[in-house]
Amino acid sequence: MEFSIAGLWLAIISFFLLYYVVSDGLGLGVGILCLFSGKEGDRKVMMESLGYTWHTSQTWLVVVGGLLFGAFPLFYSILFSALYIPAVLMLLGLVFRGVSIDFHEHSRSKRFWAMGFGAGSLVAALAQGLLLGGLLAGIDVRGGRFVGTVWDWANPFSFLVCLSVVTGYVTLGCNFLILKAEGDLQNRTFPKAIVFSALTLVLSAALFLWANLRYPHALEKWLSSPDLFYVAPATVLAGLGFVMLFRSLIRRREAAPLFWNAAAVALGFLALSISLYPQMIPHALSPVTISEAAASHRTLIFMLVVTGILIPVMVFYTTYTYRAFRGKVRA
Amino acid sequence: METLFDHVMLSRLQFAFTAMFHILWPVLTIGLSLFIVLMEVMWLRSRNEVYFRQARFWTRLFILNFAVGVVSGIPMEFQFGTNWSGFSETGGDIFGHLLGFEATMAFMLEAAFMGIMVWGWKRVSPPMHLFATSMVALGSSLSAFWIMTANAWMQTPAGGIFDKGRFVAASNFGPIFNSDMPWAVSHMWVACLEVTVFVVGGISAWYLFRGRKVNFFLKSFKAVVIAAILITPLQIYLGDGSGRMVAETQPTKLGAMESHWRTNPPGEGASWNLVAWPNRSKQDNDWAITIPNGLSLLITRSLTGQVKGLRDFPKEDQPPILLPFYSFRIMMGLGFLFFFLTLWTLWAWRKGRLKSAVVSGQKKLLFSWMAAVPLSYLAVETGWIAREVGRQPWIIYGVMRTSEAASPLPAYTVGSSLLIFAGIYTVLFILFLLFAWYIVYKGPEALE
């Protein structure tokens, strides 16, 4: 894996994407839990636990979108036009979720808007799962143009990815609630978190296996040095992340489950990315590589200088705002 | 009629609809955040609680407006990928990184400090709160800067070069400092301030009209009247500058905005069409009420200056004319109307008619301010229609045609998403009005 500016950009964007997936994924997960919660008090804690920060979390999606558009214009144009239906569904889900949180504050029909928040979260989570699934299942690109149909994403492989993503989000949501809630709600969340963590582990292991069988170049990495020394440790560490997650849940720790969950997600993502490298849009016959999808050298460098200055500033002030709202939420 | 309902037209309609919906919210976010900053500064300086209550009251409206703006903004960014893949592929090297700067530099700043601004009153000190509010205001204005820079680049594309079918950056700052950028950014930013002046003024006028909370709302009313003295004439000046930039860089758009067909021969002036009925197939106006030499005077500041007409360009390079022509007239007319409303208000103020004991009697004046609320939004929308429809048939003026830019999607797919967006946004709009009405009707809270 030789160094390139495009590769560096992919790493930066992946980092932000992961940050989004964890910080907003837990929000979407809490939303889905909200949909299946019977108690007004629980729903209130759930919505308030997100109240202050969901908006910042969601903004990372806009950051990822903007950077992806600038650094990988070809990828951006192919991904979202080929996966038009999941993409539009995600946007609609996010619109609905956002206004539901907003209107929930002002309206007297709290139940209705809490349900709207849940439904929007579920639609957005499903759609994000299908976006990732559609990408991982492979997009048919010939000569820089998408040549498939708008329904190509509807296949068993991408449905499995979608299911893993949604289950993963619910797991993150449970672990976040353990951190933010207390008493009865927290107690009831522990067993849920264990069940969903187990489900996530099974589904993502199946997904990882299937992806390796689907793409010969991924499987070959297990058989050749030095690729093996990248892909094997990442996979093992991801597994270890899950072990630590279960350990912390069984020991009823408050903050550790969310931490290990995030670590497992990040390492799993890393393992999968290494497997598929250097294809950015994987496809058995006509993959698009990272360098093909990238913007011009000048743009990549210019963006690197500007974002290089901005990233420390962004990290500083987002940390500050998270700190301002730390602590438990009470019903 | 296949061109009416093909995927290009449907994608255009979807983008137009979602953009026209989206722009309603950020204009107020940008202006109102600055207004709230001003109130917090006044409060910290004078410790007069009325400013604190002002900040709290307008913040409630602000957050409601902000949320709809954010959620309707996300589809804007992603639609470049979903519906305009040709554009994203060809122009993304430049346009994409400008949007990337907007997200990292501006949007994130605004979003991160938003929580503190709205819910942080008890969690941080008042000066820190003022800092957070200022960062929200800075973030939203920076956001406007980058979005307008990117849009201006589509009007006057600079700093790009074709390389293997992609229009890529040939310089770092060339695309940013394109010729339309200073006018586009300033005209839009001042439009945000102007809308805010009339929203704050209109809501205050409603209270004054009914004689409720007169002292509180007289304060906000007078504050925006003072702002209007600067803003309304400044916007006319900036509009004039923008128009002359269009004449210089986008002659087909100017031709459409003015329904101007024939380049005036040397020594003769181009007349200005007050109203007209353009006829594309005749390449002329069916009828027009004109002011001789008016257009030459407006554009070149001389009675006989040359203004290029649409006939100088092939038909396939001409934009639609009716929509830019009348949108432009509505926007311009409203700009002058707002200026006259400001003058009228100043005159009433001078005559002592804005004193708290008598202001409720100024029914006509106050009613005009209430009417200015929707009209100020109308001015923004019609300005955008003239700007974007006038750029057609280009998506990047002179570089790429809109028809080449659309994703090759089946028409039924785009049609369905357009209908769903239309349905959801309509419901959203109605709900927003209901909740906004609830906030406004309830009025400022007494101090805890």
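These questions and answers deal with how terms are applied to a predicted model.

User: What makes the radius of gyration of chain A agree with a compact globule?
Analyst: The rule is 2.2 Å times the number of residues to the power 0.38. For 331 residues that gives a value near 20 Å, and chain A has 20 Å, so the two agree. The C-alpha atoms fill a box of roughly 55 × 40 × 40 Å along the principal axes.

User: How many helices and strands does chain A have, and what share of its residues is buried?
Analyst: Chain A has 13 helices and 4 strands. Buried residues make up 56% of its 331 residues. Of the contacts with a separation of 6 or more, 75% join residues 24 or more positions apart.

User: Which elements of chain A touch chain B?
Analyst: In the interface, 50 residues of chain A are in contact with 54 residues of chain B. Elements giving two or more residues to that side of chain A are α3 (54–71), α4 (73–82), α5 (84–106) and α13 (297–324). By class, this side has 30 nonpolar, 18 polar and 2 charged residues.

User: Why are α3(B) and α7(B) called roughly perpendicular?
Analyst: The axes of α3 (residues 49–82) and α7 (residues 214–249) of chain B cross at roughly 75 degrees and come within 11 Å. Angles of 65 to 115 degrees count as roughly perpendicular, so the term fits α3(B) and α7(B). V50(B), R53(B) and Q54(B) in α3(B) meet F216(B), K219(B) and S220(B) in α7(B). That contact has 2 nonpolar, 2 polar and 2 charged residues.

User: How do you know that α8(B) is largely enclosed by the rest of the structure?
Analyst: A residue is buried if 20 or more other C-beta atoms lie within 10 Å of its own. In α8 (residues 251–258) of chain B, 7 of the 8 residues are buried, so the helix is largely enclosed. They are T252(B), K253(B), L254(B), G255(B), A256(B), M257(B) and E258(B). Their cover includes α7, β3, α9 (294–300), α10 (322–350) and α11 (363–391) of chain B. Just after α8(B), S259(B) takes a positive phi of about 50 degrees.

User: What makes β3(B) and β4(B) a pair of strands?
Analyst: Pairing needs at least two bridges. Strands β3 (residues 272–279) and β4 (residues 284–291) of chain B have 7 bridges, in the antiparallel sense. N279(B) stands opposite D284(B) in β4(B). The hairpin has 4 residues between the strands, and Q283(B) takes a positive phi near 55 degrees.

Terms used
Residues numbered from 1 in each chain as written. Chains lettered and ligands numbered in written order. Predicted model: local features only at pLDDT ≥ 70, side-chain atom pairs only at ≥ 80, totals over all residues. Buried ≥ 20, exposed ≤ 12 C-beta atoms within 10 Å, placed from the backbone. Contact = placed C-beta atoms within 7 Å. Nonpolar A, V, L, I, M, F, W, Y, C, P; charged D, E, K, R; others polar. Axes fitted to C-alpha atoms, helices over the stretch in contact; angles between N-to-C directions. Parallel < 35°, antiparallel > 145°, perpendicular 65-115°, else oblique.
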